[in-house]
Amino acid sequence: MDISSLARHNISKMQAYSSGKSEFGGVADIYLDTNENPFGDGIVNRYPDPLQRKLLERIAVIKSAQFATDLSSDNLALGNGSDEIIDMLVRIFCSPGTDALVHTPPTFGMYQVVADLNDIEAVSVPLDADFDLDVDGILDHNGRANLLFLCSPNNPTGNSMSHDRLEKIITAWQGIVVLDEAYIDFCAEKSFVPRLAEYPHLAILQTFSKAWGMAGVRLGFCIAGEQIISLLRKVKMPYNIDALKARFVMERIREVSQFQVEVGQILAERKRMQSELTRFALRIFPTDANFLLVQFADGDRVYRHLLDHGVVVRNFSAHPRLPGCLRITIGTVEENDRVLKLLSELT
Ligand SMILES: *Cc1c(COP(=O)(O)O)cnc(C)c1O
């Protein structure tokens, strides 16, 4: 598949900005090439590496191990949160005012927002009654919509899409498929990363915001074939990932053992909450993520009661597909205990 023919014409033919640091990426004694202030620690006063190659190489190593596959830094592009990459992909592959993307509500709200922001029609193909993908409904738009957003595990429902349906859709789709795996660290065996080589039109999004505990730092990344990655590198702002962010994340991901311990604790607490919450809920939906979608007889009442006592969860009870539903993130043991105590007071 020729990916560049799917990109907007102006983007295929444009020249990327050539920064000082991209023209000379080597090592010198004295840097007088980019109008920096020479006084400083050499990190804050200097422009960062435009690609953050060291960070890319480290992420490639971690992700290759995590998904038992062989990724190189040429399979990775970084963004200020995966939100930024969602916007970049829409700008690369959809022309304002004429093109469309497909998304599958109830799902992550950013796909609609970024479509609106870029004047792209967002075509909804709702998830079915089990919150799984409507294969035929999606493929009805094949060849007409440039971009397809899939989210697995899905936010706010928590479930993974069935592997067979994902495979069928990704194989058949003639445009770009964006598979948002923001929660994949909680169910790594379900990732499509090991299948990347088969699908040059697949852009997988992951993030350090959820399982990795760095939502405040804003670092997300796209894992894809080299054609999609080179387009992302072409359109990104020259120094989109700053030196402090790169340094902080490098430090934090040097050791993956802490990450593994935390994910294990969150999964254990998720299991406990799933069983404890049955006492109060009408329904607890299946989840592969670090949150539970829980249906209550009166979701608003539960939401207000929790809030009155200092606990905020996400209220989806007015959503037509999610009546009475709250999305509850898994917290620490003490935090989860407090939720359970508050719920027991209410009934
Ligand atoms: C949280 C979330 C993101 C956003 O990730 P950032 O890297 O923090 O921008 C993307 N997709 C889904 C489905 C999410 O839930």
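Where is Gly-158 found? In this predicted model, Gly-158 sits in the loop between β4 (147-151) and α7 (163-172). With a relative accessibility of 0%, Gly-158 counts as buried, because the cut-off for that label is under 20%. A residue remote in sequence lies across from this loop position: Asp-288 is 130 residues away along the chain, yet its C-alpha atom and that of Gly-158 are separated by 5.8 Å. Once neighbours within four places in sequence are set aside, the contacts of Gly-158 are Pro-153, Pro-286, Thr-287, Asp-288, Ala-289 and Phe-291.

Attention turns next to helix α3. This helix covers residues 53-66, and at 1.5 Å a residue its 14 residues should span 20 Å; the C-alpha atoms at its ends are 20 Å apart, so the expected and modelled values agree. Just after α3, Ala-68 adopts a positive phi of about 45 degrees.

Which residues of α3 are buried? They are Leu-55, Leu-56, Ile-59, Ala-60, Ile-62, Lys-63 and Ser-64. For reading such a list, it helps to recall that an α-helix has 3.6 residues a turn, so residues three or four places apart point the same way. The cover over the buried residues of α3 includes the strands β1 (76-79), β6 (202-207) and β7 (220-224), together with the helices α8 (226-235) and α9 (243-252).

The pairing of α3 with α9 can be described in detail. Their axes come within 10 Å and cross at roughly 30 degrees. Angles under 35 degrees count as roughly parallel, and α3 and α9 are therefore roughly parallel to each other. Their crossing is left-handed. On the α3 side, Lys-54, Leu-55 and Arg-58 meet Ala-246, Val-249 and Met-250 of α9. Sorted by class, this contact has 4 nonpolar and 2 charged residues, with no polar ones. Leu-55 thus appears both among the buried residues of α3 and in its contact with α9.

A second helix pair is formed by α11 (residues 299-308) and α12 (residues 333-346), which pack at an angle of about 125 degrees with their axes 10 Å apart. That angle makes α11 oblique to α12. The crossing of α11 and α12 is right-handed, whereas that of α3 and α9 is left-handed. From α11, Arg-301, Val-302, His-305 and Leu-306 take part, meeting Val-339, Leu-342, Leu-343, Glu-345 and Leu-346 in α12. By class, the contact of α11 with α12 comprises 6 nonpolar, 1 polar and 2 charged residues.

Methods
Residues numbered from 1 in each chain as written. Predicted model: local features only at pLDDT ≥ 70, side-chain atom pairs only at ≥ 80, totals over all residues. Heavy atoms only, no water. Helix = DSSP H or I, 4+ residues; strand = E, 2+ residues; numbered from the N terminus. Expected span 1.5 Å × (residues − 1). Buried < 20%, exposed > 50% of the residue type's maximum accessible area, 1.4 Å probe, protein only. Contact = heavy atoms within 4.5 Å. Axes fitted to C-alpha atoms, helices over the stretch in contact; angles between N-to-C directions. Parallel < 35°, antiparallel > 145°, perpendicular 65-115°, else oblique. Left-handed = near helix turned anticlockwise from the far one by under 90°. Nonpolar A, V, L, I, M, F, W, Y, C, P; charged D, E, K, R; others polar.
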